[in-house]
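Open the model in a viewer and keep the sequence panel beside it. The stops below go from the whole chain to single residues, and each one says what to select.

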Amino acid sequence: MPEEFGSEVIAAVEASSAVENYGRRINMNTDTRKVARIGESEVTVVAKNSAYPEDAVNLDSVLLDTVKFGGRNILAEEDIADSNVNIIAELQKQWAISYGKTVDNACLGTTAAGNGGTVPFNSVYREVSQSAAAHKIATAGPVTYDKISQTFGKVEQGGFFSDSDVIVIAHTSLKESLRGLVDGNGRPLFIEQVSATQPATLFGYKLQFSDGAKTSAKNEQNPTGNPLLVVGNRQHLILGVRSGPESLISHDAGFATDEPQLKMRARRAFAVGRAKAFGILEVTTA
């Protein structure tokens with residue numbers, strides 16, 4: 001049973017996953033889909049009665065390949081019948097939160113090449129490291145004004161900057177450091193979220209915290225690597241949506257033990273449009 005738009009489960013996913021919330025969503029009717037990726041188009045002055053100069057179209061594509069994120073809970077019928085809490089609804093929300101962290105780590109922080117399994121996709125971290133290494137900045141210790149400014153600068157100078165599409169994603173552990181950042185006039189650079197319509201901002205751009213925005217060798221629900229701050233153009237954060245989140249409860253599976261099973265899943269694909277559309281600040285331990 002797919003979750004309806006605006007449900008508590010969908011709200012939990014969007015609250016815990018910056019990629020689900022801010023990524024460029026591509027609806028998929030098949031397991032794989034190619035998405036066009038266009039570079040710059042040349043513009044020149046054309047003299048009167050002169051031919052327009054030719055510009056070879058810099059057109060290629062990225063491939064979205066779906067993987068399935070899932071989980072299963074074993075329930076006791078007595079707990080469902082006797083509890084004054086909707087256990088199924090609570091489990092669905094908790095799964096949604098865990099899924100949000102897991103998919104963000106897969107899309108943002110995994111360091112190895114995507115294999116469709118333990119590393120579902122080539123993450124933003126992987127693509128930037130391989131194709132635009134200068135766009136990844138490392139810093140040891142607290143996040144500073146200069147390092148964040150440099151990270152924004154990488155995006156602004158990368159050739160794919162769009163002011164209206166800029167998003168910032170940061171691991172939750174960086175929140176404390178960001179609170180202390182001020183400009184030359186003592187004004188805070190980080191503004192906390194005050195309502196659903198007024199999200200947190202950094203340098204005036206939308207900011208979402210994510211527990212999945214850490215490095216890890218493989219996809220993890222609770223990664224333990226280096227915290228990341230990712231700045232980028234959301235149009236190049238491409239999320240393929242095949243199905244879900246959706247759930248199914250089966251009483252047949254636990255007929256012999258009075259233990260129905262709750263299964264939840266979401267099928268997603270992910271690709272980075274252009275690596276130079278992003279800047280990454282990696283906070284190391286030394």
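Two strands count as paired if DSSP finds at least two bridges between them. Helices (H or I, at least four residues) and strands (E, at least two) are DSSP runs, numbered from the N terminus. The model is predicted: local features need pLDDT of at least 70, side-chain atom pairs count only at pLDDT 80 or more, and totals for chains, interfaces and linings use all residues. Residues are numbered from 1 along each chain as its sequence is written, and side-chain values use heavy atoms, with hydrogens and water left out.

**Whole chain**

Start with the cartoon of the full chain, which holds 7 helices and 13 strands. Along the principal axes, the C-alpha atoms fill a box of roughly 80 × 50 × 35 Å. Of the 286 residues, 43% are buried. Buried means under 20% relative accessible area, exposed means over 50%, and partly exposed lies in between (1.4 Å probe, protein chains only).

**The seven-stranded sheet**

Next, select S5, S13, S10, S6, S9, S8 and S7, in that order: they make an open sheet of 7 strands with mixed pairing. Which strands stand at the edges? They are S5 (136–140) and S7 (190–191); each has a single partner strand, so one side of each is left without a neighbour in the sheet.

Inside the sheet, select S6 (residues 166–171) and S9 (residues 205–210). These two strands run parallel and are joined by 5 bridges. For one such contact, pick Ile-167, whose bridge partner in S9 is Lys-206.

Then move to the loop between S8 and S9 and select Phe-203. Its phi is near 55°, a positive value in a residue other than glycine. Phe-203 counts as partly exposed because its relative accessible area is 28%.

**Salt bridges**

A salt bridge is a side-chain nitrogen of Lys or Arg within 4 Å of a carboxyl oxygen of Asp or Glu. The whole structure has 9 of them.

Show the side chains of Arg-267 and Asp-31, which form a salt bridge with an N to O distance of 2.5 Å. This pair links distant parts of the chain, 236 residues apart: Arg-267 is in strand S12 (residues 261–272), and Asp-31 is in the loop between S1 (24–27) and S2 (32–38). Arg-267 is partly exposed at 23% relative accessibility, and Asp-31 is partly exposed at 41%.

Now select Glu-192 and Arg-179, whose closest N and O atoms are 3.1 Å apart in a salt bridge. Glu-192 is in the loop between S7 and S8 (201–202), while Arg-179 is in helix H7 (residues 175–179), 13 residues away in the chain. Both are partly exposed, Glu-192 with 34% relative accessible area and Arg-179 with 47%. Elsewhere, Glu-20, Arg-25 and Arg-268 are joined into one network by salt bridges that share partners.

**Helix H4**

Select helix H4 (residues 87–109). Lys-93 and Glu-90 form a salt bridge here, 3.2 Å from N to O. How far along the helix are Lys-93 and Glu-90 separated? They are 3 residues apart in H4, which means a separation of about one helical turn. Glu-90 is partly exposed, at 34% relative accessibility.

In this helix, also select Gln-92. Is Gln-92 buried or exposed? It is buried, because its relative accessible area is 14%. Add Glu-8 to the selection: Gln-92 and Glu-8 are 84 residues apart in sequence, but 8.9 Å apart in space, C-alpha to C-alpha.

**A negative patch**

Switch to the surface and select Glu-77, Glu-78, Asp-79, Asp-82, Asp-258 and Glu-259, which gather in a patch of negative charge. Patches are made of residues with over 30% relative accessible area and no salt bridge, and like charges are joined within 9 Å. Asp and Glu count as negative, and the place of a charge is CG of Asp or CD of Glu. Within the patch, Glu-78 is in helix H3 (residues 77–82) and is partly exposed at 44% relative accessibility.

**Last stop**

Finish at Asn-49, in the loop between S2 and S3 (59–65). Phi of Asn-49 is near 70°, a positive value in a residue other than glycine. Asn-49 is exposed, with a relative accessible area of 80%.

Technical notes. Patch = residues over 30% accessible without salt bridge, like charges linked within 9 Å, V, L, I, M, F, W, Y side chains within 5 Å. Areas by Shrake-Rupley, 256 points an atom, 1.4 Å probe, with all protein chains shown as cover.
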